[in-house]
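Visitor: Please choose a single part of this model and take me through it closely. Then place it in the wider fold.

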Amino acid sequence: MSIGMNMSLLRRALCTLLLALSLTSLPAAAADLAYRDQLLKEAVEKRLWEQRPWQILLHYKKTLAGETISRISDPNFFLSPTGRTDPAAELSATLAAFFRPEAPDGEHPICRFPARLAWLSGELSIDPSRLPAALCSEQQEQIRTVDARAAVLVFPVGHINSPASMFGHTLLRIDGPSKSNLISYAVNYAADATDANGFLYAFKGLSGLYKGYYSLMPYYQKVKEYSDLEHRDMWEYRLRLTREEVDKLLLHALELQRIASDYYFLDENCSYNLLFLIEAARPTLHLSDRTGLLVHPTNTIEIAKDSGILDEAVYRPSQGARIVKIASLLDEERQQAALDVAQGTRHPGSVTAAPGTEQDKREVLDLAAELVQLRLARKELEQDAYSKLYLKILAERSALGTGSEAAYAVAPPAPPDAGHHTSKIGLGGGVRRGEWYGAVHLQPEFHSLLDPDQGYLKGAQIKFFDTLVDYVPETGRPRLRSLHLLDILSTAPRDRFFKPYSWKVAAGWDTEVMEDGRDSLVFRLNSGGGLARRSPFGGILYGLAELSVDGGKHLRGPVAAAPGLSVGVLEQVGDWWKIHLEGSAFFYLVGDDRTSLKATLSQNFRLAQQQSLSLSLSLGDVSGHTVSEQSLLWNYYF
């Protein structure tokens, strides 16, 4: 079928929908059952349930056994009792339901499933005058209010101190005729998760015990949530969809409201489920068919980019990034003055009365205004107190003239699509204790501290099943050196305005030097917390107090515990060179009797977007046994 014919059918379908919706003021027409049966027969003859648009609208996928099942588990989404697994039954039930007698406002299937009606109307040339009347007041109001013209894929970057959001997030923005996209509407898919217990949160998220819901809300609310409250930069990619395709996207989003599906953090998550909306707009894209076992927001951006529907990314810096930028223009005395004003311990008028240029005073008051907004977002100020203080600052600021906003512009970092893929294999070798070995390093997920920063959150590491296997020719067999089931490290720099803590947690097997100097594979649970600061060169300095609990056959006791300390510096020297220097000391007080000291200098050289070379030099001492090691690996990201 040609594009022209598709467009014609789409227009006709939308007209059908709108006409059906417009019949709300007319007396209800009797259901035309003969016409319904004629349409059912025609649908069967055309085997419409096998066509991709229907498969997309119902979120059908094939299982490994070859069976069809919808990824949506909510029975309210289906009109046939077997609709979740039977596309033909669901299509017949849907057509029949459109001819049901009247229902309460918004409850008729014509209102609940506008995208299905639009597509079936196009395929079967449904005469809207022969459908029963349906009252769809809320839906009509939403369509009128959104007034969809264009769609944008939005990516808020990860939140460094929240494991659940360290991968980032994706949502869709639907733009209307306004030039300000802040008054656009956002389509979001998120888990209904309220558990404060981190372990319970992770367990339920990984096992699909949370329900996910689509929602339609004003875009400025999401900007406020991510940019102001969580200080997450946002990237906005305009989708190359026609206005008619955006209409189809919106109709499908409307019929998904209040529909639940099982939410899995690692695959059926926000990003995966948004792909169905884009495919509903253009079913030929096959986006959801290209995902792997694990789905990250960055994966979906890559998939969408490869499909050719993404424009260049637009950067929206967070309020935190803007505060850091303005503060960088001020010396410490003026930074403190801005903080004092924001905290209400210094009158804004004292800034304008102090010596200095007008630009200096503008910068101090602009920073103070940003910090007051930050205090409101943190709930450190009530609304009334905020308004009074903010207006005082603005009054003094307005007397200084407009100044130059260009100086406050935050330079965009590399966009997410410029980053490496989320899986990595490293091949190479090294020398340990004077013995040469070959090595294979597999990092299935996601990003290590030494990987190139481009497109990722600086100072954050999250890895699953990170595995290193080496082969020493003299022994003639491969050896497992380490297997980290989970490894998360968050180094969040503190400064005068932001006071986050750094932390780490890791669990898995490591090769350790025992008290007698022999290597042994031990299972280790390691966790710690501490502080980080920005280095003079733009990198990160950190220090963590840690506790390691080990289990292994060469320990003195069944379990060994050691408090310890690690300090490090992480520097991105240039776009292609990254350095990580770390020192650690652990003192075994329970279950073993050894002191482990280690210093490691690691470097990563970015060869291309999906290739790098890592060089590591380490020197350790365990109860008088010195161990040195050097390794070189070529890394490929896939």
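Guide: What follows starts with one strand and its partners, then moves outward.

This is a predicted model, where local features need pLDDT of at least 70, side-chain atom pairs count only at pLDDT 80 or more, and totals for chains, interfaces and linings use all residues. Residues are numbered from 1 along each chain as its sequence is written, and side-chain values use heavy atoms, with hydrogens and water left out.

The part is strand 15, residues 502–513. Helices (H or I, at least four residues) and strands (E, at least two) are DSSP runs, numbered from the N terminus. Strand 15 is mostly covered, with 10 of its 12 residues buried. Buried means under 20% relative accessible area, exposed means over 50%, and partly exposed lies in between (1.4 Å probe, protein chains only).

Strand 15 has a partner in strand 14 (residues 477–490), joined by eight bridges in the antiparallel sense. Strands pair if DSSP finds at least two bridges between them. Strand 16 (residues 519–534) also pairs with strand 15, again antiparallel, over 12 bridges. Follow G508. H484 stands opposite G508. In strand 16, R524 is the bridge partner of G508. Strands 15 and 16 form a hairpin with five residues between them. There G517 takes a positive phi near 95°.

Next, a serine from further along the chain. S596 lies in strand 20 (residues 595–608). Its relative accessibility is 12%, so S596 counts as buried. Leaving out residues up to four places away in sequence, S596 touches E512, S584, A585, F586, D621 and V622. Contact here means heavy atoms within 4.5 Å.

Now a second sheet. Seven strands form an open sheet in the order 8-6-5-4-3-7-9, with antiparallel pairing. Its edges are strand 8 (260–263) and strand 9 (310–316), each pairing on one side only. Neighbouring strands in this sheet are turned by 30° against each other on average, direction ignored. Within it, strand 3 (residues 150–156) and strand 7 (residues 234–239) run antiparallel and share five bridges. L153 stands opposite Y237 of strand 7. Helix 10 (residues 243–256) lies across strands 3, 4, 5 and 6, at about 125° to strand 4. Axes are lines fitted to C-alpha atoms, for helices over the stretch in contact, and angles run from 0 to 180 degrees between N-to-C directions.

One covalent link deserves a stop. The structure holds one disulfide, defined as a pair of cysteine sulfur atoms within 2.5 Å. C111 and C136 form it, with sulfur atoms 1.9 Å apart. The torsion about the S-S bond is about -70°, so the disulfide is left-handed. C111 lies in helix 5 and C136 in the loop between helix 6 and helix 7 (137–146), so the pair ties together parts 25 residues apart in sequence. Both C111 and C136 are buried.

Finally, the whole. The protein has 17 helices and 22 strands. Buried residues make up 50% of its 638 residues. The C-alpha trace spans about 90 × 75 × 40 Å along its principal axes. Among contacts between residues at least 6 apart in sequence, 64% join residues at least 24 apart.
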